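Reader: I have a structure open in front of me and would like to go through it step by step. Could you help me make sense of what I see?

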Amino acid sequence: GVPSELRQMMTQTILEALHVRYPERTKPSTLRFQTFGVGESSLQQLVNNEFKDWPKEVDLGFRAGMPLLEVKLTIADPKHADLQQQCYQNLQQHIGHYIIGKDSTNLAQSVITLLQKKQLKLTTAESCTGGLIASAITEIAGASAVFEAGFVTYSNQMKQQLIQVDPAALEQHGAVSKAVVEQMALGAINRSQADFAIAVSGIAGPEGGTEEKPVGSVWVAWGSKGAIKTHLFELNPGTRRKWFQQMVTAISLDLLRRELLEITEEPRYFSRY
């Protein structure tokens, strides 16, 4: 049947009926949390190397998604809840800065929560993502408290008119450049009076790349007015234009999340991309 209907039947009817029929059997308990920037194989290898005495009562599982990896710690008996929590704390110590949050928390939710706690506001200046970053933010209830405006400036002309990018920078460096993405971020902050900005400019493909700037090249800028950071990623999307836009959105939100948490360790995807 339809997956959503099956899930509802399973949680509201089937599992409850099984528990009534077999009351002596305890229900498994699963602690779930979301990660970004660490792969399933890398995480499994870390557990194998660092936790030689991983308790057999706690089952480690994964559910790969786009763009997050869900990690599951499952116990069959509630009496092992302390072991479950200990395993979670151990993982936090080793990969804490890759953990986005528990349950179904996503990157946008994490960023919004951090901005709310600090009473700060965010703006976006997007080219290659076409507003996808702003859309991810505004999908979350309560986003209006931290997000008032975003700018989709797809053409060079709109970059100049809407967010004050210097025509000389566009002429000299091109739209996909460190100089331009920095100006996009600063221009968005100046126009919106926000505290932080995310700006992106890249080549989503499948055409439009050059030898110097191949398809998949994207400059990302993030930070506050006095401390804008930038990084060039080469994502190699091939013909997967939507994948490229989703990855740029995820990476951008994660970089701002790290900035708000004052995480200084460089994420693994800097070397991967």
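Author: Certainly. Please keep in mind that this is a predicted model. A place to begin is a pair of residues, Arg257 and Asp254, both of which are buried.

Reader: Where do Arg257 and Asp254 lie, and how far apart are they along the chain?

Author: Helix H9 holds both Arg257 and Asp254, and they are three residues apart, about one turn of the helix. Arg257 makes a salt bridge with Asp254, and the closest N and O atoms are 2.8 Å apart.

Reader: Which residues are joined into one network by salt bridges that share partners?

Author: Arg32, Arg63 and Glu70 are joined in that way.

Reader: And how many salt bridges does the structure hold?

Author: There are eight salt bridges. One of them joins the side chains of Lys229 and Glu259, at 3.0 Å from N to O. This pair links distant parts of the chain, since Lys229 is in strand S9 (residues 227-234) and Glu259 is in helix H9, 30 residues apart.

Reader: Is Lys229 buried, partly exposed or exposed?

Author: Lys229 has a relative accessibility of 39%, so it counts as partly exposed.

Reader: What about the salt bridge of Glu57: which residue is the partner?

Author: The partner is Lys56, and the side chains meet at 3.4 Å, N to O.

Reader: Why do Glu57 and Lys56 fall into separate exposure classes?

Author: Lys56 has a relative accessible area of 77% and is therefore exposed, because exposed means over 50%. Glu57 has 26%, so it is placed in the partly exposed class, which begins where buried, under 20%, ends.

Reader: Let me change the topic. How many helices and strands are there?

Author: The chain has ten helices and nine strands. Its C-alpha atoms fill a box of roughly 75 × 40 × 40 Å, taken along the principal axes. Of the 273 residues, 45% count as buried.

Reader: Now the empty spaces, please. What is the volume of the largest pocket?

Author: The largest pocket has a volume of about 460 Å³. Its lining has 21 residues, and those closest to its centre are Met66, Pro67, Asn106, Leu107 and Ala136.

Reader: Which helices supply that lining?

Author: Helix H4 (107-118), helix H5 (132-138) and helix H9 (241-260) each supply at least two residues. H9 gives the most, with five residues.

Reader: How does the lining of the largest pocket divide by class?

Author: Nine of its residues are nonpolar, eight are polar and four are charged.

Reader: And the second largest pocket: which residues are closest to its centre?

Author: This second largest pocket has a volume of about 390 Å³. Among its 19 lining residues, Gly37, Val38, Gly39, Pro67 and Arg272 are the closest to the centre. The elements that give two or more residues to this lining are helix H2 (40-50), H9 and helix H10 (269-272). By class, the lining of the second largest pocket has eleven nonpolar, five polar and three charged residues.

Reader: How many cavities of 30 Å³ or more does a search of the whole structure find?

Author: The search finds one. The volume of the largest cavity is about 40 Å³. Its lining is made by Lys121, Leu122, Thr123, Glu148, Ala149, Ser192, Gln193 and Ala194. Strand S5 (122-126) and strand S6 (147-152) are the elements that give two or more residues to this lining.

Reader: What classes of residue are in the lining of the largest cavity?

Author: Three residues are nonpolar, three are polar and two are charged.

Reader: Turning to the surface, which residues make the nonpolar patch?

Author: The patch covers about 500 Å² and is made by Leu6, Met9, Met10, Ile14, Leu15 and Leu18. One of these residues, Ile14, is in helix H1 (residues 3-21).

Reader: Why can Ile14 belong to a surface patch?

Author: Ile14 is partly exposed, at 32% relative accessibility. Residues in patches need over 30% relative accessible area, so Ile14 passes that cut-off.

Reader: Last one: where is Val2, and how exposed is it?

Author: Val2 lies in the segment before H1, and it is partly exposed, with a relative accessible area of 43%. The C-alpha atoms of Val2 and Trp243 are separated by 26 Å, and the two residues are 241 residues apart along the chain.

Key
Residues numbered from 1 in each chain as written. Predicted model: local features only at pLDDT ≥ 70, side-chain atom pairs only at ≥ 80, totals over all residues. Heavy atoms only, no water. Patch = residues over 30% accessible without salt bridge, like charges linked within 9 Å, V, L, I, M, F, W, Y side chains within 5 Å. Areas by Shrake-Rupley, 256 points an atom, 1.4 Å probe, with all protein chains shown as cover. Salt bridge = Lys/Arg side-chain N within 4 Å of Asp/Glu carboxyl O. Helix = DSSP H or I, 4+ residues; strand = E, 2+ residues; numbered from the N terminus. Buried < 20%, exposed > 50% of the residue type's maximum accessible area, 1.4 Å probe, protein only. 1 Å grid on protein atoms, 1.4 Å probe; cavity = no way out; pocket = protein on both sides within 12 Å on 5 of 7 lines; lining within 4 Å. Points joined across faces, edges and corners; volume = space filled by probe spheres on them. Nonpolar A, V, L, I, M, F, W, Y, C, P; charged D, E, K, R; others polar.
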